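This report introduces two sites in the structure shown below. It treats a residue and its polar contacts, followed by a patch on the surface.

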Amino acid sequence: MNEKPKLTFWQIWNMSFGFLGIQYGFGLQQANMSPIFRYLGADEASIPGLWLAGPLTGLLLQPIIGAVSDRSWSPTWGRRRPFILAGALLGSIAMILMPNSSAVWMAAGLMWILDAGLNSAMEPFRAFVGDMLNEKQRPVGFAVQSFFVGFGQTLANLMPYILPLLGISMVLSDDQLANGIPNSVRYPFYIGAASILLAVFWTMRTTKEYPPENDDYKKAHVFSEEEKKSISFWHLALAVGAAVLAFGFAYFSGGLANGLKWGLGILIGGYLVLMLPVFKEILAPLSTMPTVMRQLWWVKFFTWYGLPLMWQYLSLATAKYAFNAPDAVSNPTGFEEGTKWGGLCFAMFSISCAIVSFFIPRIAKAVGSNRATHALFMCLGAAGFFMTLISNDKMIYLAGMTIIGFMWGSIMSMPYLMLAEAVPQEKMGVYMGIFNGFICVPQFIGMLTVPLFYKTLLGDDPRNALVLAGVCMLFAAASCFLVKEAK
């Protein structure tokens with residue numbers, strides 16, 4: 001199938017609809033996990049470390065799923081759909097259990113399971129666009145996915161406001177678990193579990209994948225000498241890198257002996273795990289990845305070093321400054337109201353993302369450059385972060401997050417569009433998985449380094465963390481011009 005047939009808009013809509021449920025789950029996680037950790041007694045400076053689940057599961061699972069799905073096919077289930085369904089089921093279970101957590105360690109563990117499920121489902125949706133659409137329709141495909149990112153996260157963040165209109169009480173009742181997590185957080189997670197499954201089932205029912213052109217996917221890959229060298233180099237490099245990160249986390253939490261123990265354990269365990277055959281399919285392409293993909297690394301690095309600070313600290317900054325509630329103990333009512341307002345800010349962020357998504361292809365065409373378009377949106381996002389310094393008024397946070405949502409729409413589409421134009425079709429899954437790994441590594445580095453200077457350089461202030469995020473977005477905008485794009 002040299003030229004893929006042109007799909008109707010509604011066919012593209014249906015194949016991406018499951019993304020709505022996945023992003024509903026991510027929206028709940030992004031807006032509520034830091035408050036949940038604080039409700040359960042976590043220290044504010046430890047918040048970045050508790051978010052470790054996301055980047056680690058993404059780094060491990062997405063390339064694996066991409067590589068395995070590239071070499072899979074079932075006449076009944078297709079290539080990507082089995083992984084989407086399995087991830088949806090796992091994520092739904094974690095969504096039900098999350099608001100019933102009784103301790104920080106339990107919430108952190110469930111976050112690992114939730115991220116494993118959502119990441120397992122998300123990567124195949126990215127590969128869907130490359131699999132199912134021809135080159136001319138890919139911008140529309142990524143724009144539709146970007147719309148569902150915004151719409152799904154909007155629904156998640158508006159739930160504390162929507163449910164009372166439906167007659168559902170948001171007051172924590174006496175017969176619930178005494179973990180302090182209010183119904184404004186609890187019920188949206190239950191609805192999220194159902195939403196993920198319903199949305200994914202719709203895509204499964206309405207979308208049939210194209211069969212392979214030949215049986216080459218069944219054949220065992222014969223690695224060239226260059227690929228063998230790549231496997232050996234990255235095998236050792238990744239094991240050592242993981243060990244260094246493990247040492248850093250363990251050292252700062254438990255001292256030198258603890259750091260050495262974890263560092264050595266991860267080095268040995270990581271090296272052994274990377275010997276599994278599936279990782280050879282992932283490590284081999286690393287040294288031969290397209291030039292555009294290498295150049296996009298710096299864009300992704302600065303973006304994803306700074307962006308997690310928004311999810312980790314926006315709701316906390318809103319509660320502290322707009323509602324005079326630095327924590328849930330000193331002012332529990334204000335903290336809950338601040339958290340709900342933070343959710344509303346994320347809702348506006350998602351709404352603006354959904355709106356701008358359908359205009360991004362036209363804006364890029366008018367600008368005449370994908371990289372310049374992305375740089376423009378990154379600068380807009382930086383301005384949104386800096387706005388939080390203007391005033392303590394809650395409307396400032398709402399306006400700032402609305403502007404940042406424009407940037408989010410570009411982040412969810414433009415880099416993937418630039419990559420899809422440069423990646424070989426037969427390796428679309430594995431390269432999309434590796435590219436999503438570019439999201440994870442900067443988050444690891446951020447989680448390791450931000451706690452070191454949070455109380456000093458950032459003044460133990462969640463709003464300063466948002467300013468740092470804005471600075472990172474400016475560096476990401478400048479890095480866009482390192483990317484060589486075709487005329």
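A polar contact is a pair of N or O atoms within 3.5 Å; within protein, one of the two must be able to donate a hydrogen and the other to accept it. The model discussed here is predicted.

**Glu209 and its surroundings**

Glu209 lies in the loop that runs between α7 (183-206) and α8. With a relative accessibility of 5%, Glu209 is classed as buried, because buried means under 20% relative accessible area. The side chain of Glu209 approaches the backbone nitrogen of Arg80 and also that of Arg81, as the table sets out.

| Side chain | Partner atom | Distance |
|---|---|---|
| Glu209 | Arg80 backbone nitrogen | 3.0 Å |
| Glu209 | Arg81 backbone nitrogen | 3.2 Å |

When neighbours within four places in sequence are set aside, the residues in contact with Glu209 include Trp73, Trp77, Gly78 and Arg79, together with Phe128 and Met132. Arg80 and Arg81 also belong to this set of contacts.

**The nonpolar patch**

On the surface, a nonpolar patch is formed by Leu236, Val240, Val244, Leu264, Ile268, Tyr271, Leu272 and Met275, and their accessible area together is about 750 Å². Two or more residues of the patch come from each of α8 (225-254) and α9 (256-273). Helix α9 makes the greatest contribution, with 4 residues.

Leu272 is one of the patch residues and is placed in helix α9. The relative accessible area of Leu272 is 51%, and Leu272 is therefore exposed, the cut-off for that class being over 50%.

Technical notes
Residues numbered from 1 in each chain as written. Predicted model: local features only at pLDDT ≥ 70, side-chain atom pairs only at ≥ 80, totals over all residues. Heavy atoms only, no water. Patch = residues over 30% accessible without salt bridge, like charges linked within 9 Å, V, L, I, M, F, W, Y side chains within 5 Å. Areas by Shrake-Rupley, 256 points an atom, 1.4 Å probe, with all protein chains shown as cover. Salt bridge = Lys/Arg side-chain N within 4 Å of Asp/Glu carboxyl O. Buried < 20%, exposed > 50% of the residue type's maximum accessible area, 1.4 Å probe, protein only. Contact = heavy atoms within 4.5 Å.
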